[in-house]
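Notebook open, model loaded. I want to look at the ligand site, then at a few spots along the backbone.

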Amino acid sequence: MTEFRRFLRYVRPYRRHMVIAGIFLIVVSGLRLVLPWAIQRLVDVAFTRKDAAFLNRLALFLLGLIVVQTFFNVGQTYLLSYVGERVVADLRTILYRKLQSLDLRFFADRRVGEITSRVTNDVTTIQSVVTSQLTSFFRQLLTFIGALALIIYVNPRLTALMLVIVPPVILVGRFFGQRLRGISTTVQDRLADATAVLEETLSGIRVVKSFVREPYEIGRFTDAVEETFAAALTRARYRAGFTPLITFGGFGGLILVLWYGGRQVLAGQLTPGELISFLFYTFMIAGSVGVFSGTYGNIQEALGALRRVFELLDTEPAVVEKPGAISMPPIQGRVHFEDVSFGYDETLVLRDVDLNAAPGEVVALVGPSGAGKTTLVNLIPRFYDTTGGQITIDGTDVRDVKLASLREQIGIVPQETLLFSTTVRENILYGRLDATEEQMMAAAKAANAHEFITALPDGYDTRVGERGVKLSGGQRQRVAIARALLKNPRILLLDEATSSLDSESEGLVQEALSRLMQDRTTFIIAHRLATVQIADRIAVLDKGRIVEVGTHKELLACGGLYAHLYALQFRTLDSVSRATEHEVPEIESVIEGERRKPDLSSLLRL
Ligand code: ADP
């Protein structure tokens with residue numbers, strides 16, 4: 001129940017609505033209790049005395065009552081729905097805010113589907129608590145208390161008999177409710193698994209199709225769905241046994257009351273009207289216990305959802321701002337790795353890294369796949385915190401400054417650019433939301449993107465499709481470069497695409513990249529010969545260590561790992577490309593695939 005208490009914090013802002021709804025609810029439930037009383041008057045007064053005038057008055061009175069009840073009912077339903085919807089909207093926003101605050105480690109460890117399910121399904125389950133479950137719970141509770149008080153007043157002995165039956169029914173209800181709670185959590189978890197498969201495979205549908213893995217994915221999804229079914233079936237079994245059992249208890253009590261009360265009427269200790277009203281009240285009590293226990297199960301379900309939501313809310317990001325962190329002053333661009341080590345878990349993937357970059361310098365990172373190049377670059381904007389050592393920018397430890405002030409001055413162009421499914425314009429403006437149209441276009445021009453964009457059906461207003469699928473790889477990259485140019489960062493982190501671009505696109509991208517790198521401290525994970533050649537310095541990484549640093553020429557001359565990598569890849573590909581370009585231009589298209597792009601990593605894996 002601690003979850004519930006915590007949940008109330010989110011309802012508190014709307015307590016005025018809740019109080020009014022509560023009063024309305026009491027009125028509605030109270031008025032419901034009048035009907036059995038009216039029937040008692042009908043039997044004992046109108047029928048016994050054959051008083052038609054009394055009957056008319058009674059009918060009019062009841063009519064008035066129903067009108068009042070309807071009014072309060074409408075008000076209460078509206079108010080509670082309002083609060084329910086409001087709380088759901090608040091919770092979703094708070095959850096999303098939380099998700100945005102979490103670091104990359106969190107997202108690497110979790111599946112998107114699972115997280116999505118918490119923000120959507122779980123929150124919806126919680127909503128039903130406020131809008132319907134809680135109302136129904138309190139309405140039944142009020143009916144129960146009211147009806148009980150009235151029958152005690154009418155006939156204590158008969159009530160005592162009934163009370164022998166009700167508590168066991170409630171106890172059984174509680175037992176089942178607790179079991180249901182556990183099972184419901186399992187059902188939600190299994191459903192999240194299935195959703196995760198769904199989302200993952202739909203977003204990766206090209207991979208699925210290209211590998212003809214539809215049957216495999218159908219199998220995977222079916223398995224997940226079947227597991228959900230199995231869990232839901234267990235829950236259904238509990239529910240199936242639960243409600244009828246409670247109802248059985250209720251009706252059993254009713255029959256006993258009918259029999260015992262009937263004897264009292266025959267003995268003249270009770271009027272027939274009193275017995276009938278008593279039966280009605282007992283009926284109400286039995287009904288409320290039945291509904292109450294069903295509601296109880298649903299509330300348990302919602303508590304499960306609440307627990308998952310709170311668990312997410314309680315996740316602390318690993319990368320946090322220090323209290324009193326200062327704003328990063330405008331960066332000059334001196335980046336210094338001092339004895340940096342880092343591990344995603346216990347195993348270190350970077351060790352004793354010492355690396356300097358002067359303002360405006362271009363440092364290329366080269367090394368086998370898995371050497372730690374991406375990891376090293378990710379430490380600069382503090383996507384992760386170092387395990388040992390420190391990274392300073394212009395002498396300031398990156399952990400001492402506000403995250404936003406640091407990241408605002410760092411530009412990133414990843415290997416596979418992800419564009420949002422909006423227009424080209426909005427994707428570029430993502431770099432600086434308040435840029436003018438001229439600035440935006442200037443950036444696109446510098447990124448060699450203006451030309452292809454204006455040739456698109458709607459120019460800058462063309463929608464790029466989910467993840468930017470409607471653009472080619474090279475076009476996406478140039479949009480990403482334009483975005484980074486618009487941001488105008490002092491430090492630039494580039495991860496060259498390993499996927500091949502056509503040669504024209506490649507030239508345009510290279511040119512755009514050179515413009516982007518100008519006057520900015522750049523760390524570039526290099527896969528291309530052109531890049532290592534223009535780099536001021538090359539740092540060679542191997543198994544998490546920097547093994548060589550120097551210029552292209554120096555490193556070739558010293559004959560270490562770089563020279564070896566170069567011999568393996570760059571040189572051969574370089575000569576292939578030269579041969580095809582100068583000697584046999586007509587077969588260029590045939591050999592295109594060969595000459596496209598030297599992918600250091602993939603070659604080294606062979
Ligand atoms: P590179 O960019 O040089 O190919 P990475 O920096 O991506 O290398 O990876 C370095 C090492 O860290 C690899 O062994 C990789 O398996 C591991 N690694 C990368 N990302 C994660 C992660 N999110 N969680 C755990 N290990 C990771």
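**Ligand shell.** I started with where the residues around the ligand come from: the largest share of the shell, three residues, is supplied by helix α11 (residues 373-379). I'm working with a predicted model here. My list for the shell reads Ala108, Tyr344, Val349, Pro368, Ser369, Gly370, Ala371, Gly372, Lys373, Thr374, Thr375 and Tyr384. Sorted by character, I get six nonpolar residues, five polar and one charged.

**Polar contacts to the ligand.** Next I looked up which atoms pair with the ligand. Gly370 puts a polar backbone atom 2.7 Å from a ligand oxygen. Gly372 also uses a polar backbone atom, 2.9 Å from an oxygen of the ligand. With Tyr344 a side chain is involved: one of its polar atoms sits 3.5 Å from a ligand nitrogen. I then checked how much of the ligand is covered: on its own the ligand has 550 Å² of accessible area, and the protein covers 61% of that.

**Confidence check.** How far does the pLDDT hold up along the chain? The mean is 83, and 91% of the residues reach 70 or more. The stretch I flagged is 576-606, where pLDDT is below 50, although the model gives this stretch 47 contacts beyond near neighbours in sequence. Where pLDDT is low, the predicted coordinates should not be read in detail, so I'm leaving those contacts alone.

**Positive phi.** I went looking for positive phi in residues that aren't glycine. Asp339 has a phi of about 50 degrees, and its place is in strand β1 (residues 335-342). Is Asp339 buried or exposed? Neither, quite: its relative accessible area is 45%, which falls between the 20% and 50% cut-offs, so I call Asp339 partly exposed.

Asp352 went on the list too, with a positive phi near 40 degrees. This one lies in strand β2 (residues 350-357). Asp352 comes out at 47% relative accessibility, so it also counts as partly exposed.

**Thr462.** Last stop was a loop, the one between α15 (450-454) and α16 (473-487), where Thr462 sits. Its relative accessible area is 10%; buried means under 20%, so Thr462 is buried. What does Thr462 touch? Leaving out residues up to four places away in sequence, I noted Thr422, Thr423, Val424, Leu456 and Pro457. I also found a polar atom of the Thr462 side chain 3.1 Å from the backbone nitrogen of Asp458.

Key. Residues are numbered from 1 along each chain as its sequence is written. This is a predicted model: local features need pLDDT of at least 70, side-chain atom pairs count only at pLDDT 80 or more; totals for chains, interfaces and linings use all residues. Side-chain values use heavy atoms; hydrogens and water are left out. A residue is near a molecule or strand if one of its heavy atoms lies within 4 Å of it. A polar contact is a pair of N or O atoms within 3.5 Å; within protein, one must be able to donate a hydrogen and the other to accept it, and residues adjacent in sequence count only if both atoms are side-chain atoms. Accessible areas come from the Shrake-Rupley method with a 1.4 Å probe; for residues, only the protein chains shown count as cover. Helices (H or I, at least four residues) and strands (E, at least two) are DSSP runs, numbered from the N terminus. Ala, Val, Leu, Ile, Met, Phe, Trp, Tyr, Cys and Pro count as nonpolar, Asp, Glu, Lys and Arg as charged, and the others, Gly among them, as polar. pLDDT is the predictor's confidence in each residue, from 0 to 100. Contact means heavy atoms within 4.5 Å. Buried means under 20% relative accessible area, exposed over 50%, partly exposed in between (1.4 Å probe, protein chains only).
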